Each structure stands twice: as structure tokens, then as C-alpha cells.
Amino acid sequence: MWQYHGYWVPEGAVGERFFRNLTPDGLTMHDAEQVERCVAACGPRLQVAVDGGAYVGTWSLHLAKHFANVIAYEPVPSNVDCWRRNLEGKSHASVVQAALSSHDGLAVMYHMHKAYTGRVRERDFADQANGTAEVRAKRLDDANLPVLDLLKLDVEGHEYHALMGALETIKR
């Protein structure tokens, strides 16, 4: 783990592409605009935000400035370690080491390049030699959130499954 532009990132991570154009708030210009639009769309309802696919916590950190409670989901252990360091002292923010999905159990994550991101797939096997690993999968519905004001998903193509596991929460 090392610091890049003030953020803890996993050792060997390709952070340069991700952190190239950071704003003073610690987000890329594109992300900063998206976060502000999302927060504005919530209006006065700023109780609970879920950050699905939290990476090292750039969105979580910004959301924690606006929401009473931020819950992040991130399956990669080294990213979770960095998330915890980056959000140290934010007691109203927490991270769950799991991928949001349509089921509770295991899923396979196919690691993409060396950026410590990947695609989760609904499969029942893993092959470390071929760049895959089993990760914990959780349904957002199982968190029994009383309210959800913002759901951010950056889960590399697994959005459908993440949304299927969040249907009851979204309906409420």
C-alpha cells in the first residue's frame, strides 16, 4: 500500500490513470461533477448512501461530506484496506468486503489488468492462475436498510445483478 496524490492505493496499482486529474476534493473532474449532481438530485434526503464498487473510497469520502451514513461495498481486500485508511475518522462511513450481487454467497471476480479492479461473474469456480478469484457476494436487500437515498454502482458490468439484489430496498 502506498500514497498517490494523498490517497492510499494498493501496492502496484495503476493509480496514475485513475488519479490523473484530481480536484481539491480528491475526485477526478468527471467524478466530482457526477457526485455533485447525485447529491443535488437527492434534495433534502441525505440520510443513507451506498457506494457499490467503492475501490479505495474516493466517492465514499466525498459522499461522507453530505450523507449521515455511507455504506461501501468492495470485494478486493487490498482496496478495502486502502478504503479504511482513506476514510479513517469518518465514523458514519463503513465498508463491507463483498461484491453487491443478486445472491449471498460466493462469486468469481476476473481481475482486469493491474488496476485492482475486476468484473464479478455469477460462476461457481475460481482459477487464480487465470486471473480469477472467489469473492464474497451480498445482496443489498439483506442489509435491511430502513432508507436508501443514493445508490452508486461502479461494478464493472455486474450492475444488473447488483440491482436484482437491491430490488426490495429500492421499492421501499
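**Group meeting: strand β10 and its surroundings**

Let me start with a strand pair. Strand β3, residues 48–52, and strand β10 run parallel and are joined by four bridges. Within that pair, A49 sits opposite L150 of β10. Before going on, please note that this is a predicted model. Its average pLDDT is 83, and 77% of the residues score at least 70. The weak stretch to keep in mind is residues 123–129, where pLDDT stays under 50. For that stretch the model has 13 contacts beyond four places in sequence.

Back to β10, which covers residues 150–153. Which of its side chains are buried? L150 and K152 are, and they point to one face. L151 and L153 point to the other face and are not buried. As a general point, side chains in a regular strand alternate between the two faces of the sheet. So K152 is on the buried face along with L150, and L151 and L153 are on the face that is not buried.

Now L150 itself. Leaving out residues up to four places away in sequence, L150 touches C38, C42, V48, A49, V50, L63 and F67. L150 also belongs to the largest nonpolar core, which has 19 residues. The members that touch the most others there are A49, L63, F67, V70, W83 and L150. Where does this core draw two or more residues from? The elements are α2 (29–41), α3 (58–63), β4 (69–73), α4 (77–86) and β5 (93–96). The largest share, three residues, is from α3. Apart from this core there is another one, of eleven residues, including V48, V50, Y73 and L140. In general, nonpolar side chains in soluble globular proteins tend to be buried together.

Two of the contacts of L150 are cysteines, C38 and C42. How many disulfides does the structure hold? Zero. The sulfur of C38 has its closest cysteine sulfur in C42, at 7.1 Å, which is too far for a bond. A disulfide would need the two sulfurs within 2.5 Å. As for exposure, C38 has a relative accessible area of 25% and is therefore partly exposed. C42 is at 12% and so counts as buried.

Next, the loop between β9 (132–138) and β10, which holds D141. Is D141 buried or exposed? D141 is buried, because its relative accessibility is 8%. What does its side chain pair with? There is a polar contact of 2.7 Å between the side chains of D141 and T169. Not counting residues up to four places away in sequence, D141 touches M164, G165, A166, L167, E168 and T169.

N144 is in the loop between β9 and β10 as well. Its phi is near 50°, a positive value in a residue other than glycine. N144 counts as exposed because its relative accessibility is 60%.

On the other side of the strand, E156 has its place in the loop between β10 and α5 (159–164). E156 is not a glycine either, yet has a positive phi of about 50°. With a relative accessible area of 25%, E156 is partly exposed.

To recap: β10 is joined to β3 by four bridges, and L150 is among the residues that touch the most other members of the largest nonpolar core. The loop between β9 and β10 holds D141 and N144. That is what I have for today.

How values were computed
Residues numbered from 1 in each chain as written. Predicted model: local features only at pLDDT ≥ 70, side-chain atom pairs only at ≥ 80, totals over all residues. Heavy atoms only, no water. Buried < 20%, exposed > 50% of the residue type's maximum accessible area, 1.4 Å probe, protein only. pLDDT = per-residue confidence, 0-100. Contact = heavy atoms within 4.5 Å. Core = buried A, V, L, I, M, F, W, Y, C linked by side-chain atoms within 4.5 Å. Pairing = 2+ DSSP bridges. Polar contact = N/O pair within 3.5 Å; in protein donor to acceptor, adjacent residues only side chain to side chain.
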